[in-house]
Amino acid sequence: MKKFLICILLAFTVHPVVHAEPIHDKKPEVGYGYDAPLRIKKPIHPEVPKNWRLETKKIENSILLAYFNSDDNDLIMTIFEENRRSMVPVAESEQTVINNTTYSFYPWKSKQRGWVLRWVKGDVYFEMSSFILNVDEMITITETITKQVKE
């Protein structure tokens with residue numbers, strides 16, 4: 001019995017030590033704007049009605065512009081401005097080309113119905129969403145932005 005207890009004690013105290021190598025996640029490809037430093041130094045502002053209030057926030061490698069109605073504080077639209085990256089097609093999206101810029105838009109489905117509009121101009125990827133504006137109104141606003149971006 002004594003030999004059996006010594007064997008069990010040795011089994012728990014003398015065991016091979018295995019060191020596992022840490023797993024390194026593969027770094028995403030450079031060039032899609034996710035991991036590159038933000039090249040936009042300041043936001044590109046669209047022309048909007050004077051009664052819209054703007055809140056700007058820098059989020060990682062993007063700038064968020066949120067426009068609210070000054071009277072009742074309702075959100076009118078948001079615009080994300082990021083480093084240039086590919087626009088991944090969305091199944092229900094439609095496209096239109098205006099002044100050599102391709103705009104992709106699709107319906108936003110949630111409790112509220114709205115639109116998402118995406119486009120790339122120069123080195124900047126833009127994404128606008130709104131529950132209040134229709135696509136034509138959104139494109140009118142986007143044209144005031146794209147005129148400011150150098151190719």
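These legends walk through a few views of a predicted model, starting with the whole chain and then moving in on details.

**View 1. The whole chain, with its 2 helices and 7 strands.** Let's begin with the overall layout. Followed along the sequence, the elements come in the order α-β-β-β-β-β-β-β-α. The chain has 151 residues, and buried residues make up 34% of them. Its accessible surface comes to about 10,900 Å², and carbon and sulfur atoms hold 56% of that surface. Among contacts with a separation of 6 or more, 43% join residues 24 or more positions apart.

**View 2. The hairpin of strands β4 and β5.** Here you can follow β4 (residues 94-98) as it pairs with β5 (residues 101-109) in the antiparallel sense, over 5 bridges. To find your place in the ladder, look for Val97, whose bridge partner in β5 is Thr102. There are 2 residues between the strands, and in this hairpin Asn99 takes a positive phi near 50°.

**View 3. Thr101 and its surroundings.** Thr101 belongs to strand β5. Is Thr101 buried or exposed? Its relative accessibility is 2%, so Thr101 counts as buried. The side chain of Thr101 reaches the side chain of Lys121 in a polar contact of 3.0 Å. Setting aside neighbours within four places in sequence, Thr101 is in contact with Thr96, Trp119, Val120, Lys121 and Thr146.

**View 4. Trp52 and Tyr67, an aromatic pair between two strands.** A search of the whole structure finds 5 aromatic pairs. In the pair shown here, the ring centres of Trp52 and Tyr67 are 6.1 Å apart and the planes meet at 55°, so the pair is tilted. Trp52 sits in strand β1 (residues 52-59) and Tyr67 in strand β2 (residues 62-69), so their pairing ties together parts 15 residues apart in sequence. Trp52 is buried at a relative accessible area of 16%, and Tyr67 is buried too, at 3% relative accessibility.

**View 5. Phe105 and Trp115, an edge-to-face pair.** The two rings lie 6.0 Å from centre to centre, with 65° between the planes. Phe105 comes from strand β5 and Trp115 from strand β6 (residues 113-121), so this pair links parts 10 residues apart in sequence. Phe105 counts as buried, with 11% relative accessibility, whereas Trp115 is partly exposed, with a relative accessible area of 25%. Elsewhere, Tyr103, Trp119 and Phe126 form one aromatic cluster.

**View 6. Helix α2 and what it packs against.** Helix α2 covers residues 135-146, and its end C-alpha atoms are 16 Å apart. Why does that distance agree with expectation? At 1.5 Å a residue, a helix of 12 residues should span 16 Å, so the two values agree. At the N-terminal end, Asn134 acts as a cap: a side-chain oxygen of Asn134 lies 3.1 Å from the backbone nitrogen of Asp136. Of the 12 residues of α2, 9 are buried, so the helix is largely enclosed by the rest of the structure. The buried residues include Val135, Met138, Ile139 and Ile141, along with Glu143. Which strands do the buried residues of α2 pack against? Their partners are β1, β3 (75-83), β4, β5, β6 and β7 (124-130).

Definitions and conventions
Residues numbered from 1 in each chain as written. Predicted model: local features only at pLDDT ≥ 70, side-chain atom pairs only at ≥ 80, totals over all residues. Heavy atoms only, no water. Pairing = 2+ DSSP bridges. Helix = DSSP H or I, 4+ residues; strand = E, 2+ residues; numbered from the N terminus. Phe/Tyr/Trp six-rings, centres within 6.5 Å; stacked < 30°, edge-to-face > 60°. Buried < 20%, exposed > 50% of the residue type's maximum accessible area, 1.4 Å probe, protein only. Expected span 1.5 Å × (residues − 1). Contact = heavy atoms within 4.5 Å. Polar contact = N/O pair within 3.5 Å; in protein donor to acceptor, adjacent residues only side chain to side chain. Areas by Shrake-Rupley, 256 points an atom, 1.4 Å probe, with all protein chains shown as cover.
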